[in-house]
Amino acid sequence: MTVIRPADRYLDQPYWQHLAKGTLHLNCCNDCGGAHHPPSPICPTCRSFNTGWKPASGKATLASYAIARHSVHPSLGDKVPYIITLVDLEEGVRLVSGIPEGMEVDLHVGMALECKVVQFDDRFALPYFVPVGA
Amino acid sequence: MKTSIIGLGQTEFSKNSGRSELRLAMEAILAALADAGLEVNDIDGLVRYTWDNTSEAAVVNALGLPSLKYYGETEFGGVNCCGAVAQASAAIEAGLASCVVFYRALNARSGVRLGRGERILTEQNGHWVSNEGEPPGDIYSAPFGLLVPGQHHALYAMAYKERYGLTSDQFTDMLGGVAVTQRTYANNNPRALLQDKTLTLDDYRAGRIITEPLRVYDYCLETDGAMAMVIVSRERARAMNAKAVDVLAAGQYIFPGSVPMYLYAKRAWSLAPEEAGEVLFGKAGLSPKDIDVAQIYDATSMMVPIALEDFGFIGRGEAHDFLTSGGNGPTGALPVNTHGGLLSEGYFHGLNTIAEAVRQLRGESPNQVAAETAFITLRGASSMILGRA
Ligand SMILES: [Zn+2]
């Protein structure tokens, strides 16, 4: 299965390395404990540079979703329709995510989701969020 | 602010201009100066978007401008349409320049198309990859197939639809109320790309879904062309006896997650913080009920209901009733996008949104309403109030 991915040089960053090993980690602050996304050299809450990584609980709620029916890129021609989601993680961060290809789901804003990391090769995986128990 | 917009210039809007962006920019700038009654050598300041391909230096060299004392850039594209005017005004009030031209030239239809993913993806080792890592780029969203503004807006739209519990039919009728009303305005507007194409609510409902819940008629028109406007001090505008429209308030607003779009602020159903309207109206000494006409940057139709609520023209969740009862129409409580908007006049990164407000206040709109004041916004990120001089 082909999928759009970050350029190769980004895959050596901790966010992608953790995903490639099968878990979603969030950039977090070692001083106040807050998580943030996308990764950043400074904590947006207490402005500390002392940041690190911690595993996400994987629990989230659906903030919004959209169903792409028209392909906006040649590589997506055989993928439409596909679902794009906006998810709020328990840790207080928001991620753009999606539903894995081929999975049938019934979505509504506010529903509980859980993280499902899908591996594409040994360096690249993505954090999808699916209805709890799906 | 103590400035005025005294000149508007543009090329035709088209699907294929057949000429370079530099050439288009020159045509628009000369037309704006002629409209203002000024000479090329009067220009001593320029403002533009960072996304514009025609640099200040290119303009100086092409026009042989003797002395450019100030140039400013605002980040991105249309997000800063009012921010660019704020910046020009601030430069004039600070004495950095006396005559500033804000210009935009783009072959957005025949050249690189913003509505397609080619802009952000390249091929690497047989994969399509996103290269935008820092500052927080779209490497975190592109892999999920979220590539273009039209998809970002679909996420805003669904968040709104579900927050207010609108059925699919109610939601369709709400946005249909934007698209159909604006097309009717465009049918009277000789500048509009879609002047000759009518659109009924039934046509709208039958439109193909692009990214659910948005359909084809909810999207703006990628357009070729150029526009420019001339900004001077209010004092100079009065002394020249110019066709002036006064800038009563203008400002920019970024808050966490609001820009770029793929980051998403906390409330995806709202695009401006609560205080954005208060700040803007406070600067002008006006309130929403004092506004006679609104021009709302409508890259998609969804921007209209959200802006009407964010800036207090209507209450939260009232957009369906307002837009399905003609509130935005020519005899409605607040006529909106009376040129046809980006949906039906053309997508000109907000300069045509501003230009229509100027025309309304000059009495030159193809859909003229009685207007002393006009409101303009793009997602709250940049907003402005103009007044008849
Ligand atoms: Zn912290």
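1. Is B:Asp246 buried or exposed? In this predicted model, B:Asp246 is buried, because its relative accessible area is 5%. The residue forms a salt bridge with B:Arg234, in which the closest N and O atoms are 3.8 Å apart. The pair connects distant parts of the chain, with B:Asp246 placed in strand E10 of chain B and B:Arg234 in helix H7 of chain B, 12 residues apart. B:Arg234, for its part, is partly exposed, with a relative accessible area of 23%.

2. A second pair involves the loop that follows H7. The side chains of B:Lys243 and B:Glu364 meet in a salt bridge with an N to O distance of 4.0 Å. Since B:Lys243 sits in the loop between H7 and E10 of chain B, while B:Glu364 sits in the loop between H12 and strand E12 (373-378) of chain B, the pair ties together parts that are 121 residues apart in sequence. B:Lys243 counts as partly exposed at 38% relative accessibility, and B:Glu364 is likewise partly exposed, with a relative accessible area of 35%.

3. In chain A, A:Arg5 forms a salt bridge with A:Asp121, and the closest N and O atoms of the two are 2.7 Å apart. This pair also links distant parts of its chain, for A:Arg5 belongs to strand E1 (residues 5-6) of chain A and A:Asp121 to strand E8 (residues 112-121) of chain A, 116 residues apart. A:Arg5 counts as buried because its relative accessibility is 6%, whereas A:Asp121 is partly exposed, with a relative accessible area of 25%.

4. Over all chains, a search of the whole structure finds 25 salt bridges. Beyond isolated pairs, B:Glu12, B:Arg19, B:Arg23 and B:Glu27 are linked in a network of salt bridges.

5. An unpaired charge deserves separate attention. B:Glu356, which is found in helix H12 (residues 351-362) of chain B, is buried yet has no salt bridge, and the nearest side chain of opposite charge, that of B:Arg191, is 4.7 Å away. The side chain of B:Glu356 does, however, make a polar contact of 2.7 Å with the side chain of B:Thr338. If residues up to four places away in sequence are left aside, B:Glu356 touches B:Gln295, B:Thr338, B:His339, B:Ser365 and B:Pro366.

6. How is the zinc ion coordinated? The ligating atoms are the SG atoms of A:Cys29, A:Cys32, A:Cys43 and A:Cys46, at 2.3 to 2.4 Å. Along the chain, these donors follow the spacing C-x2-C-x10-C-x2-C. Within the site, A:Cys32 and A:Cys46 link distant parts of the chain, the former in the loop between strand E2 (25-29) and strand E3 (35-36) of chain A and the latter in the loop between E3 and strand E4 (51-55) of chain A, 14 residues apart. The arrangement is tetrahedral because the four donor atoms around the zinc ion subtend angles of 100 to 119 degrees. For reference, the ideal angle for four tetrahedral donors at a metal is 109.5 degrees. A:Cys32 is partly exposed, with a relative accessible area of 40%, and A:Cys46 counts as partly exposed at 36% relative accessibility.

7. Some backbone geometry should be checked against the general pattern, in which most residues other than glycine have a negative phi and most peptide bonds are trans. A cis peptide bond joins B:Glu212 and B:Pro213, with omega about 15 degrees, and B:Pro213 is found in the loop between strand E7 (209-212) and strand E8 (214-215) of chain B. Another cis peptide bond joins B:Val259 and B:Pro260, where omega is about -10 degrees; B:Pro260 lies in the loop between strand E10 (245-252) and helix H8 (275-284) of chain B.

8. Positive phi values occur at two residues that are not glycine. B:Asn241 has a phi near 60 degrees; this residue lies in the loop between helix H7 (234-240) and E10 of chain B and, at 70% relative accessibility, counts as exposed. B:His349 has a positive phi of about 50 degrees and is found in the loop between helix H11 (341-344) and H12 of chain B, but B:His349 counts as buried, because its relative accessibility is 1%.

9. B:Phe255 lies in the loop between E10 and H8 of chain B. Leaving out residues up to four places away in sequence, B:Phe255 touches B:Ala265, B:Leu271, B:Ala272 and B:Pro273. The C-alpha atoms of B:Phe255 and B:Ala105, which are 150 residues apart along the chain, are separated by 28 Å.

Notes. Residues numbered from 1 in each chain as written. Chains lettered and ligands numbered in written order. Predicted model: local features only at pLDDT ≥ 70, side-chain atom pairs only at ≥ 80, totals over all residues. Heavy atoms only, no water. Donors = N, O, S within 2.8 Å, 3.2 Å for Na, K, Ca; no water. Tetrahedral: all angles 85-135°; square planar, octahedral: opposite > 155°, others 65-115°. Helix = DSSP H or I, 4+ residues; strand = E, 2+ residues; numbered from the N terminus. Buried < 20%, exposed > 50% of the residue type's maximum accessible area, 1.4 Å probe, protein only. Lys, Arg positive; Asp, Glu negative; His and termini not counted. Polar contact = N/O pair within 3.5 Å; in protein donor to acceptor, adjacent residues only side chain to side chain. Contact = heavy atoms within 4.5 Å.
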